[in-house]
Amino acid sequence: MQPFKKPSGGYSLLVFPTTPGSGVPPNPYRITYTCSNLAQIMLESQLIGGRSALRIQLLSIANIWHFNDAWESGNMSEFVDKDKMPMHMGHHYQTVEEMRLAEDRHKKKYWRRWGPYLSERQWSTVREDYSGNGDAWSHFPHSHARMRAFRWGEDGLGGISDNHALMCMSFAFWNEKDEILKERAFGLTGHQGNHGEDVKEIYFYLDSTPTHSYMKYLYKYPQTAFPYDKLVAENAARDRNAQEYEITDTKIFDENRYWDIFIEYAKDEENEDEYYIRIAAYNRGPDKANLHIIPQMFFRNTWAWGVEPEEKKPGMKGEGEKVVHAKHHKLGDRYMQVSSSPGVSEDAPIVEPTLLFTDNDSNYKNLGWGENKTKYCKDAFHEFIVDKKEDVVNPDKEGTKAAAWFDFQDVPSGECVVVRLKFSNRVEEGDIDEEAFDNVIESRLAEADDFYWRISPMPMADDLRNIQRQALGGMMWNKQYYGFIWDQWANGDPTQPPPPEERKHVRNQAWKHLYIDDVLSMPDKWEYPFFAAWDTAFHCIPLAMIDPDFAKKQLDLLTREWYMHPSGQVPAYEWNFSDVNPPVHAWATFRTFKIERKMYGREDLDFLERMFQKLLLNFTWWVNRKDEGGHNIFEGGFLGLDNIGLFNRSEPLPTGGRLMQADGTSWMAFYCLSMLNIALELAKHRRTYEDIASKFFEHFLLISDAMTFKSTDGDTPLWNDEDGFYYDAISWGGPWQQQLPVRSLVGLMPLYAVLTLEPEVIDKFPSFKKRLEWFMENRSDVANRNIASMKKRGKGDRMLLALVDKDRLVKILERMLDEDEFLSDYGIRSLSKYHKDHPYSMVVNGETFKVDYVPGDSNSGLFGGNSNWRGPIWLATTFLLIESLQRFYMYYGDTLKVECPKGSGEFMHLGHVAEEIQHRIQHIFAKDDEGRRACNAGNEMKDFDPYWSELVPFHEYFEADTGRGLGAEHQCGWTGLVAKLIHDTGMSCRLPKTPRTPSTAAAHYFDEVWGKAKRPMHSRRGTGRSIGNRSDIGDGDETDGDDAVSVKTNVGADEERDSDHVMEQVTSQLGKLEADGTIVDDDEYEAGLDL
């Protein structure tokens, strides 16, 4: 066979005329297409002999040459050695990033040792609060952060650290107008914001692989003085009925007077401890501007507290003018090596760095606490650069904190300045080779593109692919080191003044066993720089798509003995570990297990069994602590829904009595079915789990019965027949009960508790089947009355277990799919719009309690007022509704259709209803036909400015009527669920604000998605001007001079991916769409027979 010649254009298609499973044949042949439409290529390929007789593989130019080399040498093992290759949908494949993950999994290399584990905010956290009254916001304010050593962590802009945050790296900037060096993100505390805490900076997590072999971060830094005081004062002047005053409202970004600062990280191909770091800052303004870029390397302060021997104190020292050598007793030798930077223009002089050194210790004098304990302090770089103080940095070039100071003067409008440095366990001889340096970053970016293509190979709009990539990248960036040892935190440190005695009784006194020293998935590293138990469960769904090992680790940690309370309770979050979060971890465990098996072909039964055993403890805690009367009606407290109820559900009712919660009981029924699912899966390998499966089956039926049936002792059911809805109820004992008719998400949650049992599974477990039949025969009072379908079989001869029968399901959906109640253009409201004109209120002891429809920011101070469950859309709870509808569809199929939306005259089966809701969620983020994103709330700059329009924010929740983003602005945690929705239904998603028709579902993608030009190749000259034209750093195609910000996946590269894997997914998914227009992956949800 002759070597392939590099095609002049188009795509090279390798065709293997062989039967499936026979391996690589001796004579593959190549077809070159010059068309730019991948869909056309796939269709034409299918015509050549038929799919059953062809193995089709679309290769990039680089892979074609690689294939040739392997062919000529006779070494084809990496193409055919399938035992070493992961599997997707029955097909083996592998990317470089997956190989790194495998090496890390098997501890051959520790690719995850270094990553974005540095918090965005350590100040004003509970861990740093040593006050007597528990006011964490005031005890350690932002003004202290630059001069006061942190006890439990570190923070910084766009930073990294090792997995214990012993050594950190971040970046500081100064525009010569700010009063302080910009070292960390500024925001309002819970006391200052009219809707609670809120970051007031603009930054984006653009990209990251699971091993952090490639990462990209963008910070938009104003060129004028940062409006610290104005942001505080204006928000203080606003009440809860007004929107927050944001930094974009200050007009500081007008005329583009800001810097776009891109920070890229790339790990060495072989050395997992070596980072190549490139900072590229673009002057977007109309005039020349000055910028100081200061990369900083520092040790977390572990030595000042008297808990570590003095001889273990780390240190760093300068070696020459461009190298900092650090030593740590655990990490060994580390180096920060910087390069000279190109001048601000082609004829400008090179910019040389200045190394600065100090210690990461508190400046007691500047804090007003007396004399300093060290000569050189944490805020030395601020004082040296901004305040021009000469004697504040260590002239001996040693300490525990170091920086390389680059001073760029008179940077022309539109130009870019670049800083390159290496952060490694070795030092490069001589100066850094800029071209080789950039090649490493280019290679890691290409590998990241390849990895993300493998995750979502289906044809979809560029915009959706961009949203998904940023969502998943943001989830990777939201990893953070979290350190907390209760004993040391509660009792204080030997070298510090003892904390006030009353502090021990403010919060978390029951959690003495906590010893946390891990990298955890955070909801948002600024607004929520701490783990939240139920958030973590939802994080694991999209995390499992790209890094199932990390997802499993998160779930495992929450149930380990140094996290989980001896009683079995899972810690909620640091403000109150004893708060009760919904029991979603069994569901997340099984979904993570199933996603890994489906996408990677790995079945981690050890993980599943280990989690199941520990979840049994948690389930027992729920039964013993939250079912006060033993009637299978559960309370639970606020259950993560903050202000959704009439009263604060975490406190005793002002009416007296106890609250019987529809959501608490629904969650427990959901918990039962999740445990049943796991038990059946484990029973396929260990038959003893059949007995446990029977236990959860019966427990579910009893909960279901209690929630619906009025028993002989006078208990009132939570179902209201007249309204066709579930409500909470107050019980004063005996017949003295009252329902609270608030139409909220609480009444939709009974839909969560649904499970289909496959007939093959039931037949496989005779003991379970026998117990099931015994229960139906001997407890017919419960079985027949229970709305779970016990005898009637559905689609595929499945059996249905559910809290709601068909009649109640239809009644609930009638409200849920009513656009005047729950259904919004952007998802499912958390409170019915009915309450806009019909608020519900109750007067108790002269005080009026009221629930009304509030689609945007909270008008209530409950739980700090920074979240709102009285109208807005939340992705986590909507995601569970979508899955529930899909499960119901798996049972009812086409036999049950409902009007969606109500009054439209269009009837859909529940699979289509689920898909419609998924599309509406995606419409929050996707551009409509005018180019607007709903989450941007009509902001012209964000929607249409080329430097903003491709940047996607991921808010905590969303205004119900407009889709405007609310709450935390980098909540890639559970809002990252949109990545899974795009993965599942992005191919069929129509544009926002367009009617739903079969034609728009598919034509939008096949007509528009693939007709994109391939990414141009760019020069690698080591100058600021050449970097300014590189689209992968942030600017446009050098052929037309357009320097619009580009953060999307490279479409050209995507089109050149391996189509063997693509064809498997395309064939499967398109087949489902062709059959009934629905994509529901049955095998992702329930326990089934192994395929």
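Ile644, a helix crossing and two nonpolar cores

In this predicted model, Ile644 lies in the loop that runs between α16 (605-626) and β25 (658-660).

Q: Why is Ile644 called buried?
A: The relative accessibility of Ile644 is 1%, and buried means under 20%; Ile644 therefore counts as buried.

Q: What makes Arg649, Ser744 and Trp869 contacts of Ile644?
A: Contact means heavy atoms within 4.5 Å. Leaving out residues up to four places away in sequence, Ile644 touches Arg649, Ser744, Leu745, Val746, Ser830, Val851, Trp869 and Arg870. As for Val746, its C-alpha is 8.2 Å from that of Ile644, with their positions 102 residues apart in sequence.

Q: Why is α4 described as roughly perpendicular to α10?
A: The axes of α4 (residues 96-105) and α10 (residues 434-455) cross at roughly 90° and come within 7 Å. Angles of 65 to 115 degrees count as roughly perpendicular, so α4 is roughly perpendicular to α10.

Q: Which residues of α4 and α10 meet, and how do they divide into nonpolar, polar and charged?
A: Val96, Glu97, Glu98, Arg100 and Leu101 of α4 meet Arg444, Glu447 and Phe451 of α10. These residues comprise 3 nonpolar, no polar and 5 charged.

Q: What makes a set of residues a nonpolar core, and which have the most contacts inside the largest?
A: Such a core consists of buried nonpolar residues joined through side-chain atoms within 4.5 Å. The largest has 153 residues, and Leu676, Met816, Phe888 and Phe925 have the most contacts inside it. Helix α17 (residues 662-683) supplies the largest share, 15 residues. A second, separate core of 67 residues includes Val338, Phe384, Val393 and Leu421.

Terms used
Residues are numbered from 1 along each chain as its sequence is written. This is a predicted model: local features need pLDDT of at least 70, side-chain atom pairs count only at pLDDT 80 or more; totals for chains, interfaces and linings use all residues. Side-chain values use heavy atoms; hydrogens and water are left out. Helices (H or I, at least four residues) and strands (E, at least two) are DSSP runs, numbered from the N terminus. Buried means under 20% relative accessible area, exposed over 50%, partly exposed in between (1.4 Å probe, protein chains only). Axes are lines fitted to C-alpha atoms, for helices over the stretch in contact, and angles run from 0 to 180 degrees between N-to-C directions. Angles under 35 degrees count as roughly parallel, over 145 as roughly antiparallel, 65 to 115 as roughly perpendicular and the rest as oblique. Ala, Val, Leu, Ile, Met, Phe, Trp, Tyr, Cys and Pro count as nonpolar, Asp, Glu, Lys and Arg as charged, and the others, Gly among them, as polar.
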